[in-house]
Amino acid sequence: MSTPKLLRFCVFLLAGIGMTTAGADNGFGTPATEEDIERVYLSIFPDGENLPDGSGTADEGKAVYEMYCTVCHGADGEGTLADKLVGGRGTLDSDSPDKTVGSYWPYATTVFNYIRRSMPYTAPMSLTNEEYYAITAFVLHKNDIISADKVLDRNSLPDVSMPNRDGFVNAYPDIPPEYDYMH
Amino acid sequence: MANDAQDLPRVAGNGLLDRRLFMRTLALGAVGTATAGVSLADPVSKGQPEWMLAPGATTEDYGTPSHYEMARTRRWTVPPAGQTATGRSIVAFTPHHQLHGTLTPNGLHFEVNHHGIPDIDPDQHELIIHGMVRQPIKFNVAALANYPTETHNYFLECSGNSGRLWADKPTPANLDITHGLLSGSEWTGVPLATLLDEAGLQPGAKWIIAEGADSGSVSRSVPMDKAMGDAMIALYQNGERLRPGQGYPMRLFNPGFEGNTSIKWVRSIRVTDRPAMTRFETRTYTDLMPDGKALQFSLGMDVKSVITRPSNSTVLPKKGVYEVTGIAWSGNGRITRVEVSADGGVTWADAALQGPVLPIMLTRFRIPWQWDGGPAVLQSRAYDEAGRIQPSRADLIAARGTHGNYHFNGIHSWGVGEDGGIAHVYA
């Protein structure tokens with residue numbers, strides 16, 4: 001047996017003894033606990049996976065939005081220091097496309113998830129899940145996507161129909177030929 | 001000097017010369033040095049520069065550039081003061097018109113920090129791999145230091161680089177603003193595949209969702225073929241630990257992919273069977289096409305090049321032979337050829353490529369050019385080993401319109417005037 005092979009064999013034997021540690025034979029990772037995973041698992045999927053408990057309506061969200069969001073996004077989501085959130089429907093193929101939550105964002109779960117993980121900009125994650133559901137409802141209502149009293153929660157949010165849901169074309173691994181300058 | 005170059009062999013229109021010419025015949029003549037007259041009564045130091053007449057400074061614990069260079073070779077940063085507390089990007093651009101070579105100094109590497117730069121204690125930071133794995137595992141910096149490392153030279157480019165060139169009119173901006181969301185470095189880290197193998201992928205695992213420890217927990221979905229391919233958890237850049245603006249203490253690095261996918265300050269990798277459709281892969285970094293549809297997961301950075309010298313930050317002082325040089329790169333692999341035109345794309349000549357030409361890395365090109373004092377339009381066109389060819393701006397726009405925002409890789413044009421002045425033009 002050559003020296004490198006012998007070394008590998010020894011490592012294999014040692015790793016076999018230490019199988020109570022995680023993963024592959026020669027790894028240095030340690031097992032992640034449920035608490036570890038819960039802390040970092042912020043992703044929320046379009047089908048609603050990982051949405052939290054709680055609920056909110058646009059009526060409830062109006063005051064929360066005014067307190068935390070208006071300063072950068074404007075009272076009606078018109079955008080001031082930060083992005084415009086409302087309007088722009090029907091402009092994506094025009095000379096002046098206007099990309100907002102209402103005109104462009106394809107999934108309501110993404111709206112909720114982004115607000116929940118990163119807003120308010122100077123104090124992310126500082127509100128309750130109820131408040132994040134309510135703000136999301138307010139922004140969607142301002143875009144005429146849901147009614148003012150529609151209750152958003154882990155069951156209803158994935159079913160919200162976003163106007164630009166079918167507006168995206170997968171470009172991985174290759175740009176579709178109709179958009180490729182080499183075709 | 002090269003003033004008598006009228007008979008030099010031209011290889012393309014408007015004065016482009018053979019790429020080997022500088023090596024062969026154009027060695028610049030030595031400039032005669034005048035010896036100052038020193039009389040018997042003078043100290044020998046008479047006429048010598050003052051910095052030679054006393055011992056110089058002591059060494060620094062961490063070296064810095066000349067203070068003269070610190071004052072003029074700098075990144076261009078946005079937004080203006082007072083806007084940093086908003087949701088706008090916080091961005092710094094590499095000044096390619098002031099740099100040479102292919103490696104970007106760490107202090108001049110570009111940055112886009114959507115939610116600012118976190119001040120992370122490396123002893124408290126952990127990367128957790130979870131989801132569709134046999135055993136969820138976590139790593140701190142010390143644990144990762146035990147693994148074999150890989151080192152590669154890679155460029156990193158934001159897909160928003162050159163976004164200004166979609167606009168109807170040429171821009172007076174310098175190369176930092178038009179091409180400065182691009183840099184090249186030597187990156188060292190642990191292959192992500194090593195860590196994913198250790199966690200053990202479950203059948204059906206097709207994506208990872210990577211998330212940073214910044215205040216926006218910026219997050220991207222990355223296809224498994226990249227995650228198990230050349231992706232790495234980078235710990236070092238150009239030999240030193242990552243700078244805070246590059247993800248200290250650890251970042252995901254996806255070679256050849258748009259920069260935003262190389263999640264900085266990475267703390268979570270969720271293995272899944274589908275993308276999460278995060279904000280940055282829906283609202284941002286999707287490319288709106290003329291029909292109102294948007295390209296999503298347009299992750300690869302296509303073949304591209306730009307002339308960095310001369311540029312609009314300089315003026316040609318007189319007629320004569322100049323080096324035209326620039327950088328070319330492709331997320332698809334190696335650059336195989338760069339052509340240069342001095343007549344706005346009517347004729348082209350091959351530039352010399354500086355070796356070694358590395359895959360997914362900046363490649364410097366050079367060609368001598370005899371400027372006769374007349375108008376000229378300088379362009380470069382890059383080819384890569386995947387067979388991709390950098391398009392004209394017109395061809396790019398014909399395919400994708402002008403509202404895509406991202407992934408502009410069209411040919412760039414410098415217009416040279418009779419006064420030697422240089423400006424960005426569309427040609």
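**Notes on the two-chain model**

1. A small detail to start with: Leu288(B) has Ala294(B) as its bridge partner in strand 17 of chain B. That bridge belongs to an antiparallel pairing, over two bridges, between strand 16 of chain B and strand 17 (residues 294-296) of chain B. Keep in mind throughout that this is a predicted model.

2. Now put that pair in context. The two strands sit in an open, three-stranded sheet with mixed pairing, ordered 4(A)-17(B)-16(B). Strand 4 of chain A and strand 16 (287-288) of chain B are the edge strands; each has a single partner strand, so one side of each has no neighbour in the sheet.

3. The chains also pair through strands elsewhere. Strand 1 of chain A runs antiparallel to strand 7 (residues 137-140) of chain B, over two bridges. Look for Thr30(A) there: its bridge partner in strand 7 of chain B is Lys138(B).

4. On the interface as a whole, 46 residues of chain A are in contact with 59 residues of chain B. On the chain A side, the elements giving two or more residues are strand 1 (30-31), helix 2 (34-40), helix 5 (108-118) and strand 4 (168-170). Helix 5 of chain A has the largest share, with four residues. By type, the chain A side splits into 31 nonpolar residues, 10 polar and five charged.

5. What is the order of elements in chain A from the N terminus on? The run is α-β-α-β-α-α-α-α-β-β, which amounts to six helices and four strands. Chain A has 183 residues, and 40% of them count as buried. Of its contacts between residues at least 6 apart in sequence, 55% join residues at least 24 apart.

6. The largest nonpolar core has 123 residues, and those touching the most other members are Ile135(A), Ile129(B), Ile233(B), Val266(B) and Trp369(B). Helix 6 (residues 129-142) of chain A provides the largest share of this core, eight residues. Domain 1 (126-288) and domain 2 (304-425) of chain B each put in at least three residues.

7. If you want one residue to click on in that core, try Ile233(B). Setting aside neighbours within four places in sequence, Ile233(B) has contacts that include Leu127(B), Leu144(B), Val190(B), Met250(B) and Val266(B). There is also a second, separate core of 13 residues, and Phe168(A), Phe257(B), Leu288(B) and Met301(B) are among its members. So Leu288(B) turns up again, having already appeared as the bridge partner of Ala294(B).

8. Chain B is split into domain 1 (126-288) and domain 2 (304-425), with C-alpha centres 29 Å apart. Between them, 21 residues of domain 1 are in contact with 23 residues of domain 2. Strand 8 (150-157), helix 4 (175-179) and strand 16 of chain B each supply at least two residues of the domain 1 side, and strand 8 gives the most, with three residues. That side divides into 10 nonpolar, 10 polar and one charged.

9. Finally, confidence. The model scores ipTM 0.92 and pTM 0.92. Chain B has a mean pLDDT of 93, with 93% of its residues at 70 or more. Among the elements of chain B, strand 14 (residues 251-253) has the highest mean pLDDT, 99, and helix 1 (residues 21-24) the lowest, 72. The stretch to watch is residues 27-34 of chain B, where the pLDDT is below 50; beyond near neighbours in sequence, that stretch has two contacts in the model.

Methods:
Residues are numbered from 1 along each chain as its sequence is written. Chains are lettered from A and ligands numbered from 1 in the order in which they are written. This is a predicted model: local features need pLDDT of at least 70, side-chain atom pairs count only at pLDDT 80 or more; totals for chains, interfaces and linings use all residues. A residue is buried if 20 or more other C-beta atoms lie within 10 Å of its own, exposed if 12 or fewer, and partly exposed in between; C-beta atoms are placed from the backbone. Two residues are in contact if their C-beta atoms, placed from the backbone, lie within 7 Å. pLDDT is the predictor's confidence in each residue, from 0 to 100. Ala, Val, Leu, Ile, Met, Phe, Trp, Tyr, Cys and Pro count as nonpolar, Asp, Glu, Lys and Arg as charged, and the others, Gly among them, as polar. Two strands pair if DSSP finds at least two bridges between them. A nonpolar core is a set of buried Ala, Val, Leu, Ile, Met, Phe, Trp, Tyr and Cys residues joined through C-beta atoms within 7 Å. Domain bounds come from an automatic or database domain assignment.
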